[in-house]
Amino acid sequence: MKILKKCVSAVVRIGNLPFVKYAIIISLGIVLVGFVGENSMLAHLRNKHYISSLEDEIEVYESRYQSDMRQIFELNRNPKAMERIARERYFMKHDDEDIFVLSDDDRDVKNLIEENEPAE
């Protein structure tokens, strides 16, 4: 209890010094503006970072939109383009054709299986 009274009296003595009250209030204001609340500088920086990430995402979607619009224009203008896309993406074929899909994935899986088998 005596320690608490000494601390309070020390704070009162410091508070009675000229300009200390102003320094305490200014430092408290800086802490409140900088770190506390939804309008703080930390929240402002967080929101700025979020906005920049959203702007990057907008650029990606705009580039996709432009490429899709070019592709739609090409499909409307050229009927051979539709056949090309059907063959490349969906592996569609004419009745008298055979399609062979070559992939390196199976070779990698077989090598992994052979490496993991115990040697006899």
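This report walks through the confidence, surface patches and one salt bridge of a predicted model.

**Confidence**

Let's start with how far the predictor trusts itself. The protein averages a pLDDT of 80, and 82% of the residues score at least 70. Confidence peaks in helix α3, with a mean of 93, and bottoms out in helix α5 (residues 105-116), where the mean is 59. Helix α3 spans residues 41-77, and several of the features below involve that helix.

**Two patches on the surface**

Now for the outside of the protein. One patch is nonpolar: L28, V31, L32, F35, V36, L42 and L45 make it up, and together they have about 650 Å² of accessible area. Two elements, α2 (20-35) and α3, each give two or more residues to that patch. Helix α2 is the top contributor, with 4 residues. V31 is one of the patch members and sits in helix α2. With a relative accessible area of 40%, V31 is partly exposed.

The other patch is negative, and E55, D56, E57, E59 and E62 form it. E62 belongs to helix α3. Its relative accessibility is 48%, so E62 counts as partly exposed, given that a residue must be over 50% to be called exposed.

**The salt bridge**

How many salt bridges does the count come to? The tally is 1. The side chains involved are those of E74 and R77, which meet at 2.9 Å, N to O. Why are these two separated by about one helical turn? Because E74 and R77 are 3 residues apart in helix α3. The partners fall into separate exposure classes: E74 is partly exposed at 23%, while R77 is exposed at 55%.

**A buried alanine**

For contrast, look at A81 in helix α4 (residues 79-90). Is A81 buried or exposed? A81 is buried, because its relative accessibility is 3% and the cut-off for buried is under 20%. A81 and Q71 are 10 residues apart in sequence, and their C-alpha atoms are 8.8 Å apart in space.

**Accessibility side by side**

Here are the residues discussed above, with their relative accessible areas.

| Residue | Relative accessible area | Class |
|---|---|---|
| A81 | 3% | buried |
| E74 | 23% | partly exposed |
| V31 | 40% | partly exposed |
| E62 | 48% | partly exposed |
| R77 | 55% | exposed |

Terms used. Residues are numbered from 1 along each chain as its sequence is written. Side-chain values use heavy atoms; hydrogens and water are left out. Patches are made of residues with over 30% relative accessible area and no salt bridge: like charges are joined within 9 Å, nonpolar side chains (Val, Leu, Ile, Met, Phe, Trp, Tyr) within 5 Å. Accessible areas come from the Shrake-Rupley method with a 1.4 Å probe; for residues, only the protein chains shown count as cover. A salt bridge is a side-chain nitrogen of Lys or Arg within 4 Å of a carboxyl oxygen of Asp or Glu. Lys and Arg count as positive and Asp and Glu as negative; His and the chain ends are not counted. The place of a charge is taken as NZ of Lys, CZ of Arg, CG of Asp or CD of Glu. Buried means under 20% relative accessible area, exposed over 50%, partly exposed in between (1.4 Å probe, protein chains only). pLDDT is the predictor's confidence in each residue, from 0 to 100.
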